[in-house]
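Trainee: I would like us to take a close look at a single part of this model before turning to anything else. Please go slowly and keep the details together.

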Amino acid sequence: MDIQLSDHFTTRRLIKFVFPSIIMMIFTSIYGVVDGVFVSNFCGKTALAAVNIIYPFVMVTGVAGFMFGTGGSALVGKIMGEGKREYANSLFTLLTVVTTVFGIIVSIIAIIFIEPATRLLGAEGELVPLCVEYGIILLIFQAPFMTQCFFQSFFVTAERPKLGLIVIVAAGLTNIVGDAVLVGALDWGIWGAGIATGLSQVVGGVLPFFYFASKKNTSALHFRKFNFEIKPLIKSAGNGLSELMTNVSMNLVSMLYNLELLKIAGEDGIAVYCVMLYLNFVFVAMFIGFTMGSAPIVSFHYGAKNHAELHNLFKKSFVIVALFGAFVVLFAEVCAVPLSKIFVGYDERLMAMTVHGLRIYALSFLVNGINIYASSFFTALNNGLISGLLSFLRTCAFQVVAVLILPIYFGLDGVWMSVCIAELIAFVISMIFFVTQRKRYNY
């Protein structure tokens, strides 16, 4: 029997319910990393640097998918907990349409401004055409990318996390096979990597439309007729503010890191940072997958005013995430050499720089998961203000200050240390909010 949001969750049941979301996010991150592996090994470090320079710009233009996905699913989950199933379905349909239309509009605007944006991000010489080429291809597929991010959250709310996993696995295999054929076999270079990623996003972002529109859909959510309502859109955007801030801040900070690294270590520094980000995607995927899978449960029981279950979910989730963090740090420290070798094993200098940097950077994962969970937890409670503040401080404010100051005293090591310091300070802030908001939400 399928696990439902209304169930009581033991540790085993909670892990079983969120496991597909964790695997889904890990798989998503791995197939995203595949581009980096193929570009680095078949196209070289300059192409890898180009990918890293333009990728944050592409991601910033696609954050609405995360915002409406996480924020909308929190609102829809709460409404389902209140017993208003039909209204939940109509609101889900409205959010789907808005996300799709918004994706189309944003992609057109971003393509128009991509070349000046590339130069603003520090690209010069041969990096410029490579950045523009890769960026335009990804932006053509921006609407499917947004809906893919959107549906990842709603598959869990629809009580079909396993189906969400199947869709993302299909998308991932599309990207992996596409990279192998277009970049590896046909030698299409960075253009082939972009096409492979775009096709995978079509699979992940378009297939769910057919499922939710089908009469054979047996999930908790279906497409229904809807009225255009501003208030729930604003509420969904407010709920998803933290995810918006997280993704915008992370990518803006990545741009700043790239500029600092260009000054300190040139293209080599950018290439090393790109490897760090790819590995970060994989490690953080476990935390994001857990929070994505558990958030709709929190929203449902919050809407149902089941305070005992809220307390149960919070306590178990906190322990699980903390243990995840310890495991990730240990794994990253032990496997720093083989992990780095996958990307830059062809260059001894890059290899040494990457291994050294990763062993510093990896320490941030000890508290990173708790900080991610804190933001997601308050989103699930429909408190976008606290969630957004936590995300902004963690992914933007603290990191910007750290990366501007620490490299002055510690050089390249200061760049890697910046993430650790920012996460540690954010952890203190997260704990303060956990304690001060406990009586308000009865968790």
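How many residues of the lining of the second largest cavity are nonpolar, how many are polar and how many are charged?

Mentor: This is a predicted model, in which local features need pLDDT of at least 70 and side-chain atom pairs count only at pLDDT 80 or more, while totals for chains, interfaces and linings use all residues. Residues are numbered from 1 along each chain, and side-chain values use heavy atoms, with hydrogens and water left out.

To your question: the lining of the second largest cavity divides into 4 nonpolar residues, 4 polar residues and no charged ones, with Gly counted as polar. The cavity (points of a 1 Å grid where a 1.4 Å probe fits but cannot get out) holds about 30 Å³ of space, and the structure has 2 cavities of 30 Å³ or more. Its lining residues (those with an atom within 4 Å of a point) are Gln148, Phe151, Gln152, Phe155, Gly164, Val167, Ile168 and Gly204. Two elements, α7 (142-157) and α8 (161-185), each give two or more residues to this lining, and α7 gives the most, with 4 residues; helices here are DSSP runs (H or I) of at least four residues.

Charged side chains, absent from that lining, can be followed elsewhere through the salt bridges (a Lys or Arg side-chain nitrogen within 4 Å of an Asp or Glu carboxyl oxygen), of which a search of the whole structure finds 9. Glu82 takes part in a salt bridge with Lys78, at 2.7 Å from N to O, and in another with Lys84, at 3.7 Å from N to O. Glu82 counts as partly exposed (from 20% to 50% relative accessible area, with a 1.4 Å probe and protein chains only) because its relative accessibility is 35%. Lys78, at 22%, is likewise partly exposed, as is Lys84, at 46%.

A further salt bridge joins Glu86 and Arg224, whose closest N and O atoms are 3.6 Å apart. This pair links distant parts of the chain, with Glu86 in helix α4 (residues 85-112) and Arg224 in the loop between α9 (189-213) and α10 (230-239), 138 residues apart. Arg224 is partly exposed, since its relative accessible area is 35%. Finally, Lys45, Asp268 and Arg349 are linked in a network of salt bridges.

Technical notes:
1 Å grid on protein atoms, 1.4 Å probe; cavity = no way out; pocket = protein on both sides within 12 Å on 5 of 7 lines; lining within 4 Å. Points joined across faces, edges and corners; volume = space filled by probe spheres on them.
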